[in-house]
Structure formats: structure tokens, C-alpha cells
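Please open the model in your viewer and keep the selection tool at hand. The tour proceeds from strands to the residues packed around them.

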Amino acid sequence: MNYYALMAYIALLGRSIWATLNTYYAMLLETDYRPELVWLLVESNYEDKLTSLGEGFEIISMGFDFQPTIRSKTIPTGSIAETGPIIRKLHDELQSNYKTALDITSARKAAVAGALLATSNAKPDHIYYLEIDSLEETNKPYVMIPFQRQKLHDLRAETRRPLN
């Protein structure tokens, strides 16, 4: 299989479903990245949010006229040492057949650190983070939050740029 023929998206869910859904929406709106496969990784403390998150990803994808396969996995809460290898294994399995994207927006620090450290050599093609200037009134859909308050970052692309 051609490495760039297929795309996969790994979303790390922490406390906020809206942050994860809004990053996905922003990524679809602002890029041409359309994953065939979505992995939702949720810390065990937030496992009860997984059904709603999966439904949100399905609805948003339908709005962009495609339907990825959505899978999920529970990861340990608050453990860099346990989370990193799980994410690395998943990323390594995907990387042989997929262009990969990692969303770190709503994940808690231990999950983000574990993911970034574990994939530092594997290098996901995209690392998305949706910056928002305030937490006030952010528990709503992306399009209901003023666009000037939000900025989608692809940290992988931004760190490839030469320093001026």
C-alpha cells in the first residue's frame, strides 16, 4: 500500500468533548485531510464520554460528505509511562499504511507528553492543536464560537518552518 494513499486520525480525549470535536471540525474545514480511519483514545476517567464523542465524529464527518471507520481505545489516566507505549504501538501500526494525524487539544498533560515522547522518532505527519483565547463559552460547536477566538495549529508543520 502507498504510504500516503490512506489517512488516519488519532484524537486524544481528556476533559472536553467539545474541544476534541471542534478540533476535528476545524481540521476538516481548514485542510484537505480526510481520514479513512479515526482512533479515539480516551483516558479511563473519561470513558463515559466515548459514545457521545464517537457520535459527534460521525455527524461531523457526514457534514463533510465522508464516513471514516471510527475505533476507540481506553488509555490509563495520568500515566506517561503507560500511555506512551500504547500510543506508539498504535501509531507504528498505522504508519506503515497511513498518513497520520494526532489531535492533542483536549488531552491532559500526561497523555500529551506520553504521545509526543512516544512518537518523537515516528513523527506523525500532523499534530493538531486548536488554540482558543478563553475558556468562556467554549462548550459549543466550532461555528458558534467566533473564528477570531480560535486558531488551528499543525505543530508538525509549524516546527518544520525555518526560524527567522
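Two strands are said to pair if DSSP finds at least two bridges between them. The model before you is predicted.

**First stop: strand β4.** Select β1 and β4, which pair in the parallel sense over 6 bridges. Within this pairing, display Ala11, which stands opposite Asp103 in β4. Next, add β5 to the selection: β4 and β5 run parallel and are joined by 3 bridges. Here Leu102 stands opposite Ile127 in β5.

Now select residues 98–103 alone. Is β4 largely enclosed or not? Of its 6 residues, 6 are buried, so the strand is largely enclosed by the rest of the structure. Show the side chains: Tyr98, Thr100 and Leu102 point one way from β4, while Lys99, Ala101 and Asp103 point the other way. Residues on both sides are buried.

**Second stop: the largest nonpolar core.** Select Tyr9, Tyr24, Met27 and Phe57, the residues with the most contacts inside this core of 25 residues. Then colour the elements that give two or more residues to the core: β1 (6–13), α1 (17–30), β2 (37–43), α2 (50–63) and β5 (126–132). Which element gives the most? It is α1, with 6 residues.

Centre the view on Met27. Leaving aside residues up to four places away in sequence, Met27 touches Tyr9, Tyr33, Arg34, Pro35, Tyr128 and Leu152.

**Last stop: a second core.** Finally, select Ala8, Leu12, Tyr98 and Ala111, which are included in a second, separate core of 18 residues. Tyr98 has appeared before, as a buried residue of β4.

Conventions:
Residues are numbered from 1 along each chain as its sequence is written. This is a predicted model: local features need pLDDT of at least 70, side-chain atom pairs count only at pLDDT 80 or more; totals for chains, interfaces and linings use all residues. Side-chain values use heavy atoms; hydrogens and water are left out. A nonpolar core is a set of buried Ala, Val, Leu, Ile, Met, Phe, Trp, Tyr and Cys residues joined through side-chain atoms within 4.5 Å. Buried means under 20% relative accessible area, exposed over 50%, partly exposed in between (1.4 Å probe, protein chains only). Helices (H or I, at least four residues) and strands (E, at least two) are DSSP runs, numbered from the N terminus. Contact means heavy atoms within 4.5 Å.
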